[in-house]
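These notebook entries record what I looked up in the structure shown below. I took single residues and helix packing in turn.

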Amino acid sequence: MKPIRTLLLLALVSTSMAARAADDAQDWTAFGHVLTLLQTAVRIGANPYPDQAMADLLAGRNHEANQAIASLFAGATAEMPDEYRQRVAAIGRDIASFALQHPAAAAAATMSADRSLQARKDLTAMGLHYYDEGQFLDAVKRNDQLAAELFIAGRGVNLDARTWTGRSALDIARDNGNTKLAELISRSLPSVR
């Protein structure tokens, strides 16, 4: 959800700046485009599938947002030399492309403290301790997908913790035939340097 919060914050800041510009230069067209982007951000946040809606936006499948961004870009770079305008546009395309091509990296990078805190609260409500590696391993042993996901999101356990026999959570999930959980654990393990 952090990308949506970031988009909302950007839209709010842009709205404030555009409102001042509209007062100074009567540039109500730019202000309208910023409002369009703000409305798009709100709609993405309210969408039952916000990740898909954000992917559609980044992929350029939102005609209204595309028009607003193109018009704002044209206005913001109107007096900029063409060489620099092209470089700024290329940077924007590269950022959107990276977010589309690396959703796991984007998701890992945007996992917020709010999500971790909520996961910890949820585990506590279930009678579990977010920092207890034994409880994490037990959740994996019993194929408790929800609890395992909450332990991972809570970021309070060593995901490579081992049982007294030396088996890791990843080993246990694989041995249980739970490929979905094994993939989640594998993706969440810290990279080895």
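**Entry 1: Asn 178.** I began with the contacts of Asn 178. Leaving out residues up to four places away in sequence, I found that Asn 178 touches Asn 143, Gln 145 and Ala 173. The model is a predicted one, and I read every value below as computed from it. Asn 178 sits in the loop that joins helix H10 (169-175) to helix H11 (179-188). I then asked whether Asn 178 is buried or exposed. Its relative accessibility is 13%, so I entered Asn 178 as buried, the cut-off for that class being under 20%.

**Entry 2: Asn 143.** I next looked up Asn 143, one of the residues touched by Asn 178. Asn 143 belongs to the loop between H8 and H9. Its phi is positive, about 60°, although Asn 143 is not a glycine. With 33% relative accessibility, Asn 143 counts as partly exposed.

**Entry 3: H8 against H9.** I turned to the two helices on either side of that loop. How do the axes of H8 and H9 cross? Helix H8 covers residues 133-141 and helix H9 covers residues 145-154; their axes come within 8 Å and cross at roughly 145°. I noted the crossing as left-handed. From H8, the contact is made by Gln 135, Phe 136, Ala 139 and Val 140, and from H9 by Ala 147, Ala 148, Phe 151 and Ile 152. By type, I recorded 7 nonpolar residues, 1 polar and no charged in this contact.

**Entry 4: burial of H9.** I checked how many residues of H9 are buried. The count is 8 of its 10 residues, and I entered the helix as mostly covered. The buried residues of H9 are Gln 145, Ala 147, Ala 148, Leu 150, Phe 151, Ile 152, Ala 153 and Gly 154. Of these, Gln 145 is also among the residues touched by Asn 178.

**Entry 5: Arg 155.** I followed the chain past the end of H9, where Arg 155 comes next. Arg 155 is found in the loop between H9 and H10. Its phi is near 55°, a positive value in a residue other than glycine. Arg 155 has a relative accessible area of 46%, and I therefore listed Arg 155 as partly exposed.

**Entry 6: the nonpolar cores.** I looked for the largest nonpolar core and found that it holds 24 residues. Which of its members touch the most other members? They are Phe 136, Val 140, Phe 151, Leu 181 and Ile 185. Two or more residues come from each of helix H7 (113-125), H8, H9, H10 and H11. H9 gives the most, with 6 residues. Apart from this core I noted another, of 5 residues, including Ile 44, Ala 53, Met 54 and Ala 65. As background, I wrote down that nonpolar side chains in soluble globular proteins tend to be buried together.

**Entry 7: Phe 136.** I singled out Phe 136, listed above both in the contact of H8 with H9 and among the core members that touch the most others. Not counting residues up to four places away in sequence, Phe 136 touches Ala 148, Phe 151, Ile 152, Val 157, Asn 158, Leu 159 and Ala 169.

**Entry 8: aromatic pairs.** I searched the whole structure for aromatic pairs and found 2. One of them is formed by Tyr 130 and Tyr 131, whose ring centres are 5.2 Å apart and whose planes stand at 85°, so I classed the pair as edge-to-face. Tyr 130 is partly exposed at 26% relative accessible area. Tyr 131 counts as partly exposed at 47% relative accessibility.

**Entry 9: Asn 66.** I moved to helix H4 (residues 63-76), where Asn 66 is placed. Asn 66 counts as partly exposed, with 29% relative accessibility. Leaving aside neighbours within four places in sequence, Asn 66 is in contact with Gly 60 and Arg 61. I also noted its C-alpha to C-alpha distance to Leu 37, which is 9.2 Å, across 29 residues of sequence.

**Entry 10: the chain as a whole.** I closed with the totals. The chain has 11 helices and 0 strands. Of its 193 residues, 28% count as buried. Among contacts between residues at least 6 apart in sequence, 55% join residues at least 24 apart.

Definitions and conventions. Residues numbered from 1 in each chain as written. Predicted model: local features only at pLDDT ≥ 70, side-chain atom pairs only at ≥ 80, totals over all residues. Heavy atoms only, no water. Axes fitted to C-alpha atoms, helices over the stretch in contact; angles between N-to-C directions. Helix = DSSP H or I, 4+ residues; strand = E, 2+ residues; numbered from the N terminus. Left-handed = near helix turned anticlockwise from the far one by under 90°. Contact = heavy atoms within 4.5 Å. Nonpolar A, V, L, I, M, F, W, Y, C, P; charged D, E, K, R; others polar. Buried < 20%, exposed > 50% of the residue type's maximum accessible area, 1.4 Å probe, protein only. Phe/Tyr/Trp six-rings, centres within 6.5 Å; stacked < 30°, edge-to-face > 60°. Core = buried A, V, L, I, M, F, W, Y, C linked by side-chain atoms within 4.5 Å.
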